[in-house]
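Let's walk through this structure together, starting at one spot on the surface and working inward from there.

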Amino acid sequence: LGLPSCKHALHDRGVELTRMRHGEQGEDDEKRLKLHERLTTELSGVTSELNFLRRVEVEALILRGDMLVERALECAEEIMYRHEPFHQTIRMFCLISIVYDGVKRHSYYSSELINCYGPETLVALKTLEKAGLWKSKEEDPTGLGATAMAAAQAAMRGGKKAPPPPLGGAAAKKLRA
């Protein structure tokens, strides 16, 4: 007689636990839904701004190679002088640096970035330089491009390649041994 009532009690407790779990899950679902709504509202606000849309358009043109480097630099300067967040500005400058193999007037733009965003940006610029994301482009007096310039320099040396730099440290010791 006591056994069936114990079995029913366990079953009732299991149903109660299941209901509790579903109730908690419902609250979690509600929290997730509210979070999703807030994120959607925030993203909609950011992505519908004219500055965001313009920046995305310029980045796409740069990546496709459909924009002259001078015009791309003008757009990056515009972003900088509007005092948009540093990460957005430096992203544009780094993209230009990567796609166009460096930036002419590199030191000028570095100075302007430091003037606009403060001296702490110097550390970021040096780090980006070390990573190869922010680099200077040598001035090409011929206007022929880097490949033609390298060929002209090789021809001036009589077609000979420049000697390799001297080895130092561990590499030199290995060769001497």
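I98 is partly exposed, because its relative accessibility is 47%, a value between the 20% and 50% cut-offs. Keep in mind as you look around that this is a predicted model. I98 sits in helix α4, which covers residues 86-99. On the surface, I98 joins L63, V99 and L133 in a nonpolar patch of about 330 Å².

Now step back for the whole picture. The protein has 8 helices and 0 strands, so if you read the elements off from the N terminus, you get α-α-α-α-α-α-α-α. Of the 177 residues, 23% are buried. The protein exposes about 13200 Å², and 61% of that comes from carbon and sulfur atoms. As for how the chain meets itself, take the contacts with a separation of 6 or more: 62% of them are between residues 24 or more positions apart.

Next, follow the chain out of α4 into the loop that leads to α5. Which residues in this loop have an unusual backbone angle? D101 lies in the loop between α4 and α5, and D101 has a positive phi of about 55° despite not being a glycine. R105 belongs to the loop between α4 and α5 as well, and its phi, near 60°, is again positive in a residue other than glycine. Why point these out? Most residues other than glycine have a negative phi. As for their surroundings, D101 counts as partly exposed because its relative accessibility is 46%, and R105 is partly exposed too, with a relative accessible area of 47%.Past the loop and α5, helix α6 (residues 121-131) is worth a slower look. Where do its buried residues T121, L125 and L128 point, seen down the axis of α6? They fall within an arc of 65°, so they line one face of the helix. The face turned away from that buried side carries the exposed residues V123 and K130. What covers the buried residues of α6 includes α4 and α5, the latter being residues 106-117. So the helix where we started turns up again here, as part of the cover over α6.

T121, in helix α6, lets you see this packing at the level of single residues. T121 is buried, because its relative accessible area is 4%, under the 20% cut-off. Leaving out residues up to four places away in sequence, T121 touches F86, L113 and I114. Of these, F86 falls within the 86-99 range of α4, while L113 and I114 fall within the 106-117 range of α5. At the other end of the helix, just after α6, G132 takes a positive phi of about 80°.

One last stop is the cysteines. How many disulfides does a search of the whole structure find? The count is 0. C75 is buried, with a relative accessible area of 4%, and C94 is buried as well, at 9%. C94 lies within the residue range of α4, 86-99, the helix that also holds the partly exposed I98. That brings us back to where the walk began, with α4 holding I98 of the nonpolar patch and also helping to cover the buried residues of α6.

Technical notes: Residues are numbered from 1 along each chain as its sequence is written. This is a predicted model: local features need pLDDT of at least 70, side-chain atom pairs count only at pLDDT 80 or more; totals for chains, interfaces and linings use all residues. Side-chain values use heavy atoms; hydrogens and water are left out. Patches are made of residues with over 30% relative accessible area and no salt bridge: like charges are joined within 9 Å, nonpolar side chains (Val, Leu, Ile, Met, Phe, Trp, Tyr) within 5 Å. Accessible areas come from the Shrake-Rupley method with a 1.4 Å probe; for residues, only the protein chains shown count as cover. A salt bridge is a side-chain nitrogen of Lys or Arg within 4 Å of a carboxyl oxygen of Asp or Glu. Helices (H or I, at least four residues) and strands (E, at least two) are DSSP runs, numbered from the N terminus. Buried means under 20% relative accessible area, exposed over 50%, partly exposed in between (1.4 Å probe, protein chains only). A disulfide is a pair of cysteine sulfur atoms within 2.5 Å. The arc is that of the directions from the helix axis to the C-beta atoms. Contact means heavy atoms within 4.5 Å.
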